[in-house]
Amino acid sequence: MQVIAKLVGIYIRYGYQPITGLSPKHTNNWMSDYTFLVKGTENCTPHLGITPHEIGFMECVLEAIEPKNILVIGNSFGWSTLALALSNPAARVVAMDCADEPFTLEWIDHTNAIAEKEGLSARAVKGRSPDDVDAVMDAEFDGKLDFVFFDGDHTKEAVINDFEAVHRHANPQCVYVFHDVLGFGLMEGVLRTMASSGLSGRVVYGSPSGMMIVYNKELEDRLALSFATYGATDLAMGMLNLMKQTETGRIIS
Ligand SMILES: C[S@@+](CC[C@H](N)C(=O)[O-])C[C@H]1O[C@@H](n2cnc3c(N)ncnc32)[C@H](O)[C@@H]1O
């Protein structure tokens, strides 16, 4: 079964109905493809979860790199944390969230309860990035990081500071995925992380939030299929540019 379907099933068993991946073409709403958590008829989600396409992309990447240690910055209601644990059962997944609101604070415990009940190697902890990254690393991992998913504070400065805080705890082949880069204008921050680390990066055009992946060039071949499947290629970018040039959006030869 697909990871996204397993994930939806988990939340239903826990008494919630996730609404996820609705095409904005049909809803006139650019964020309807994100994930909302509904209980009864109430939308109870102040912070939305990532989209099915983004889960698919990370699932593909994780299968290619087989990480042991995964850090998530930004747990919200555990959606991406549990998705990463389902995608890679052999890895240890730890998510940190500053949990400033009752919702995110409650979901630290809920995420841990779900993970335990479902037999998933995932854990959520209260902690603010970048200040608490060292403490989380000391307490939760016995090795360096192989994959990091950034979805906490959505500013250019936070992207730079969060990356700096985790990079010193990461293996040279660690892969970094940043959520909401195009959607929230975070590109400059990600480009700075690439410049400071010497790592390569790509925009994942197939991800609704405009994610970026930052990675060691040596992984290019291993990641090629993930890139090709989710539009993280020069060809995809060329196609977008070409479509912008035509009135109808169709490519004219
Ligand atoms: C968009 S939500 C994350 C959604 C989650 N990744 C998912 O797909 O299920 C952003 C989360 O980041 C948390 N956050 C914001 N700034 C943070 C920081 N500096 N450190 C840790 N967590 C932070 C918020 O409390 C919120 O829960």
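**Close-up 1. Lys39 faces a partner across a hairpin.** In this predicted model, Lys39 stands opposite Glu42, a residue of strand 3. Another pair to look for is Val38, whose bridge partner in strand 3 is Asn43. Strand 2 (residues 35-39) and strand 3 are joined by two bridges and pair in the antiparallel sense. Two residues lie between the strands of this hairpin, and Gly40 takes a positive phi near 65° there.

**Close-up 2. Three strands make an open sheet.** Now take in the sheet to which the hairpin belongs. Its three strands follow the order 1-2-3, and their pairing is antiparallel. Strand 1 (17-20) and strand 3 (42-43) are the edge strands, each pairing on one side only. How many bridges join strand 1 to strand 2? There are four, and the two strands run antiparallel. For one pair to find by eye, start at Thr20: its bridge partner in strand 2 is Thr35. If sheets are new to you, keep in mind that strands pair through backbone hydrogen bonds, either parallel or antiparallel.

**Close-up 3. Seven strands make another open sheet.** Follow the strands across in the order 6-5-4-7-8-10-9, and note that the pairing here is mixed. At the edges are strand 6 (122-126) and strand 9 (200-204), each of which pairs on one side only. From one strand to the next, the twist averages 20°. Within this view, strand 8 (residues 170-178) and strand 10 (residues 211-215) pair in the antiparallel sense, with three bridges between them. Phe178 is a good place to look, with Met212 as its bridge partner in strand 10.

**Close-up 4. Helix 5 lies over strands and packs with helix 4.** Helix 5 (residues 102-118) lies across strand 5 and strand 6, and runs at about 160° to strand 6. Its packing with helix 4 (residues 79-87) has an angle of about 20°, and the axes of the two helices are 10 Å apart. Angles under 35 degrees count as roughly parallel, so helix 4 is roughly parallel to helix 5. Helix 4 passes helix 5 in a right-handed crossing. On the helix 4 side, Thr81, Leu82 and Ala85 make the contact, while helix 5 brings Thr111, Ile114 and Ala115. Sorted by character, the residues of this contact are four nonpolar, two polar and no charged.

**Close-up 5. Helix 3 meets helix 9.** Two numbers help here: packed helices are described by the angle between their axes and the distance between the axes. For helix 3 (residues 52-65) and helix 9 (residues 220-229), the axes come within 8 Å and cross at roughly 170°. Are these helices roughly parallel or roughly antiparallel to each other? Angles over 145 degrees count as roughly antiparallel, and helix 3 and helix 9 are therefore roughly antiparallel. Helix 3 brings Phe57, Cys60, Val61, Ala64 and Ile65 to meet Arg222, Leu223, Leu225, Ser226 and Thr229 of helix 9. The residues of this contact divide into seven nonpolar, two polar and one charged.

**Close-up 6. A shell of residues surrounds the ligand.** Which residues come nearest to the ligand? Of the 20 residues around it, they are Gly74, Ser76, Trp79, Ser80 and Gly152. Helix 4 and strand 5 (92-97) are the elements that give two or more residues to the shell. The shell residues are made up of six nonpolar, nine polar and five charged.

Notes:
Residues are numbered from 1 along each chain as its sequence is written. This is a predicted model: local features need pLDDT of at least 70, side-chain atom pairs count only at pLDDT 80 or more; totals for chains, interfaces and linings use all residues. Axes are lines fitted to C-alpha atoms, for helices over the stretch in contact, and angles run from 0 to 180 degrees between N-to-C directions. Angles under 35 degrees count as roughly parallel, over 145 as roughly antiparallel, 65 to 115 as roughly perpendicular and the rest as oblique. A crossing is left-handed if the near helix is turned anticlockwise from the far one by less than a right angle, and right-handed if clockwise. Two residues are in contact if their C-beta atoms, placed from the backbone, lie within 7 Å. Ala, Val, Leu, Ile, Met, Phe, Trp, Tyr, Cys and Pro count as nonpolar, Asp, Glu, Lys and Arg as charged, and the others, Gly among them, as polar. Two strands pair if DSSP finds at least two bridges between them. A residue is near a molecule or strand if its C-beta atom, placed from the backbone, lies within 6 Å of it.
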